[in-house]
Amino acid sequence: MSREEIRIGVYVCHCGLNIAGSVDCEEVAEFASTLPHVVLARDYRYTCSDQGQELIKNDIREYRLNRVVVASCSPRLHEPTFRKACEEAGLNKYLFEMANIREQCSWVHLHDRRAATEKAKDLVKMAVAKAALLKPASDIEVPVIRKALVIGGGVAGIQAALDLADTGYKVYLVEREPSIGGMMARLDKTFPTMDCSICILAPKMSDVGRHPNIELLTNSEVIDVKGYIGNFRVKVLKKPRYVKKDCSACGECSKVCPMTAPNEFDAGLALRHAIYTPFAQAVPSTYIVDMNLCLNKDGVIVCDRCIKACERQAIDFTMKPEAVELEVGTIIVATGADVFDPSTLPQYGYGKYPNVITSLEFERLINAGGPSGGRLIRPSDMKVPRRVAFIQCVGSRSNKTGRTYCSNVCCMNTIKDSLLIKEHWPETEIYVFYVDIRAYGKGFEDLYKRAKKEGVIFIRGLPAEIIEDKKTRNLWLIGENTLLKEPYKMEFDMVILSVGLEPRKDSEIIQRLLTLSRTQDGFFMEAHPKLRPVDAATGGIFFAGCAESPKDIKDSVTQASAAAARAGILMAKGKVTVEAITPILDVEKCKACGLCAKVCPYNAITLNKELKRVEIVEAACGGCGTCAAECPSDALTQNHFTDEQIIAQIDAVTEYDADKKIVAFCCNWCAYAGADFAGVSRMQYPPSVRIIRTMCSGRVAPKFVERAFARGAAAVLVAGCHPGDCHYINANYHTQRRVERLWKKMEQNGLNKERLQLLWASAAEGERFASKIYEMQKIVESITPEEIERAKKVFSKAGGA
Amino acid sequence: MPERLWRTPLDVEKISRPKAEIYILKDQCKGCGFCIHYCPKKVLEESDEINARGVHPPRVVDEKNCVLCSFCTAVCPDFAIFVKEKQCKDGC
Amino acid sequence: MSAGKPITYREVLAEYPDAEKIKFCFECGICTASCPMAGLLKGEYNPRNVLEKIFLNVEDVLVSDEIWLCAWCYRCYKRCPQALKPPEIFFHAKKFAVETERKQAFENIIQKIVRASPLPLVTILACFHPERAGLGLDRIVKEAEKIRKELLDEEKRAIKAESIKGKVAVIGSGPAGLTVAHDLILKGYEATVFEAMKEPGGMLRKCLPAYRLPRELLDMDIQALKDLGVEIETSVVVGKDVDFSSLRSRYDAVFIGVGAHKGQELRIEGAGLKGVVHALDFLCMFNSEKALNVEDKRVAVIGGGNVAVDSAKTALKCGAKEVTIFYRRSREEMPANPWEVKEAEDEGVKIEFLISPKRILGSGENVSAVEFVRMKLGELDETGRRKPVPIEGSEFVKDADMVILAIGEAPDLSFIPKEIELNEDGTIWVNPLTMETTLKGVFAGGDAVTGPASIVEAIYAGRMAASSIDCYLRSLR
């Protein structure tokens, strides 16, 4: 191969007007044809179309192309498409390279055609320079364990577990609470069909309990996850129930238990004992001891009333927490959401006025199995209210509370609740105070109309405050009817705050354990919002239910089935191919210092001290390349992101006008995706930046930065995921360390260290990326030619060039 | 379920908790204090009086707090304390 | 302005950092419902609408009255789900209007304010701050006086037409009390105002610094009320000179508008040292002849409300060497009006956040320093703000010659009978619709009900109480 003549074909895509609208594609193609090794350069309207792909395939055959460069959208979008086309024409897919001239060029420089075209040329030049050095490789195949882990036993987790188990895979369902069922088990009815929530959920719950393929781990938490797609090793902490499976759920123990506390399941509106079952339909039905409440919490059997009452002798206070190790191939995250705590909005008086309740408390009050036996009563005097108000958007869509999103379910939930009241007590006057009613789903509008027909009154305009009447405990709502432009002051017996949903407080733990990303709202982020809506960016992990965003039961179930299907595909195949981006070791150069083994986040590299050599397990490698960046003797490099390839890209950028350019190294998962997001959102920023993609910011070796400065670059940006969010567990900590060392070096040599910037930006933080480029543009403009020269001198001495 | 639980449960008066009657055989007590120390609800304390054996027997601070676990009976070396459930009608 | 290209909100709000945020308003109406001016002027002012118009049609807004009707109370901001600051957005619009010679609108509103507020000069000066937008005061005062004279004659004629229907006692001669008296007189009742101090005006006279409100203007406003027939009995302390129950029997209805004059105590070591003063006392002394000498002193102000900011500004004006406000939470949680805070900082007041005093140190009986402890913000508390918790080991000592305590004010209600129920914070609970207390025929409003708040809020409360008292007295007949 190495002796073979390199023949590169370049395709500059118009993408309709998406690129051609601000980049002169013909000029770029013409420029490309002048580059070394390029034998063919074309511009084409839609390169990703079938015809476009056919064109590439024909050209490969006809012009004997052995490298292909497509300048179009982000490789995150269409790299797989073009790689496949190359393969179909007999070209190894690793001999394909992409230049991102849409998300990172035409869309972010909409109003400067000249600069955008020049930048596009640079990006193509970089891609061609890298392409010339590409080497063929083959994907690595990894077996997939045919078992799945589902985290969270709400309706989404239940559905996903059942679907997978029915397909024939072994499923571990881990639930933190004593019973599965989640939020849905606590609701009275469901919209828009008004089905009884627990009646439709309970059969599914018992299916889970009975299913031979499902191992249910309740009262348990995932505490550690290791491994990679197809091969996860998960540690689950099973907390003791202190009641054995022999329990017949007769409840005699509970009757004699002297200790009581508010029942969490009933939102604290009813009491439970220290030994209890959270609700009648709980699965498993085995009782549980709340050890914080039990008199025996200090390890001495002080009280044995329950033990005596249990005919089956199922109570066992000697149970200990137990860590279970599981091996699974796929993981479904269905951890759900929390409800907003309205006591942080003092103007609504929740927590102070007894008759201000949340929608969740309402569900328990209207539920026939709930603490009031289905009588909607005012907590202050246990009377049925005659005038009821609902307040919408409590906690949602607000900058103040930091929850800027719409919680999706509250509008319909309120409509459903209002109809429930009307059904039982038709004389009740019901007012709904809202800003927008979002009845967008199937059957939703009908339900909304039905509520109106039943006489529920909808008033546009949220109350500014609630004041309680000291004598009657009634509530005054003060606000503006914004349609009539008239103030209102109305008295109600009871107010229901329609509280929004928020990310679970422990999302951070799951995020860290599974190396996931989250959006600005705090919910987990999917791999692609349209085309991979249930996949996590991390391979082998999928989302279901409210963990990904607030959604209703139907959407949760739909997503759960989708996630199960996605996980099923992986397990049905039984193997998965991993990109050949693993490290390559030059044994001659290796001094067996072991630094690479120290930085590897996956323990894929070990130092064999006896044989004085480094051993690499390719299947365990995540592909971050931080080992290659760490190697002091240039013995390690990364497939498809070799030192030569990256340096060729740097050199291409810095060939002309380096002193006006910013060389940016962006990690594929966060910063590069963030820059793409800036493009998709059409955020405009200065055209001086040239982005070089690496899988992880940990791949950025100091010598790359030095090289850029040695060749006169005005500024360098190293950008990666937020610390703790790294796609490769912790590889970006090494980035920080390396950049800090470079800063020190710059300072010691009298260089302005602001020329090297480090940015943490998530895939959703396009704005953060754009504003960083603005900030750096100012630095670029302030740099004097002398400073550029000084840096050149300092860093070429250091061996950068 | 992390919501804040702040309300008085609606059934707080309905759920029956056993009511205790605590019997202390003062003169049988040798003042070891086990019952006072081990009571999980801290229902007992040392009294000022001196019994036939010349020690301070325990005294009930608040009978309502007793949950009838009878641990005091179990640990008493002198069988000097026992608890009976108060039989009451009409859910007293 | 050059014709042709229309002005956009972007130009008008060029200096406002959050200009783009106004697009996020989803018109929930909370601002308007919270706005005392919208209440006072009924349909004539709607801040939500003004905000919308600034975005859609800013040229019309610049020449309309409405941007001038904001009284800077920030009630809207405190509740806005989007955290918009209408007072500041309107301020930039006002400034733009003045700079581009569109002042006419402001002059138009003088008429409106004179009709809406029984204390028009006070309201214009202390609430609307025309000077912030660069307008001179002399002409405004003259204009307002002219309008008031016309109005007074008109009103007097109107009263004579009605016969006397009942007698009302008003306790406290602050803005709330005076509004009640004014309104009731107009409705044909007899109203007597009882004031504990030597001169009427309540907090306006006692604590509002004279540089913010020249006293002769306050006197002019009060004189006009007297001319209308409001009787004010000064130096009468209810509960001492006259019994509350006797007021109830002598009058058909009673209104309590005693304000919040009782400074909260700081329960730490050294709070009794010489040089530790309550903010209200400090401001009061400044306004009387016995002003405290702060010249060349280092002053530490404890607290984060408007009173703290006013005290700090006043201390600085009196020649203090260094004035620092110490607040135990962060800037976001500060209850003082953001604009006042900004002005104070511009004038040279330093503000230190997340700091709480631990003890006050003295040399002899005088204050010499304060030991502070740094705080961090913990979980949210019941007021919806994050609770400050001390960081152990972060104590430090700062020299100070004077400590001004402004850690909250509550009403002094020792004279009222226990049938009148109070809120948890020691203010009077009233029915929000009728302003009636839990005792029949007794009404209340102003700071005594809300805790420390703004002048327009008190006036609005007085207005609501007056119309409710009217209804009540009619129902008796």
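Two residues are in contact if their C-beta atoms, placed from the backbone, lie within 7 Å, while axes are lines fitted to C-alpha atoms, for helices over the stretch in contact, with angles from 0 to 180 degrees between N-to-C directions. The model is predicted, so that local features need pLDDT of at least 70 and side-chain atom pairs count only at pLDDT 80 or more, whereas totals for chains, interfaces and linings use all residues. Residues are numbered from 1 along each chain as its sequence is written, and chains are lettered from A and ligands numbered from 1 in the order in which they are written.

**Exercise 1.** Determine the strand order of the open sheet in chain A and the strands at its edges.

*Solution.* Helices (H or I, at least four residues) and strands (E, at least two) are DSSP runs, numbered from the N terminus, and two strands pair if DSSP finds at least two bridges between them. The 4 strands of chain A follow the order β2-β1-β3-β4, with parallel pairing. Because β2 (38-44) and β4 (96-100) of chain A each have a single partner strand, they stand at the edges, and one side of each is left without a neighbour in the sheet. From one strand to the next, the twist averages 15°.

**Exercise 2.** Describe how β1 and β3 of chain A pair, and place the helices α2 and α5 of chain A.

*Solution.* Strands β1 (residues 8-13) and β3 (residues 67-72) of chain A are joined in the parallel sense over 5 bridges, with A:Val12 opposite A:Ala71 in β3(A). Helix α5 (residues 113-132) of chain A packs on the sheet, touching β1, β2, β3 and β4 of chain A, and its direction makes about 160° with that of β3(A). Helix α2 (residues 50-62) of chain A lies across β1, β2 and β3 of chain A, running at about 165° to β2(A).
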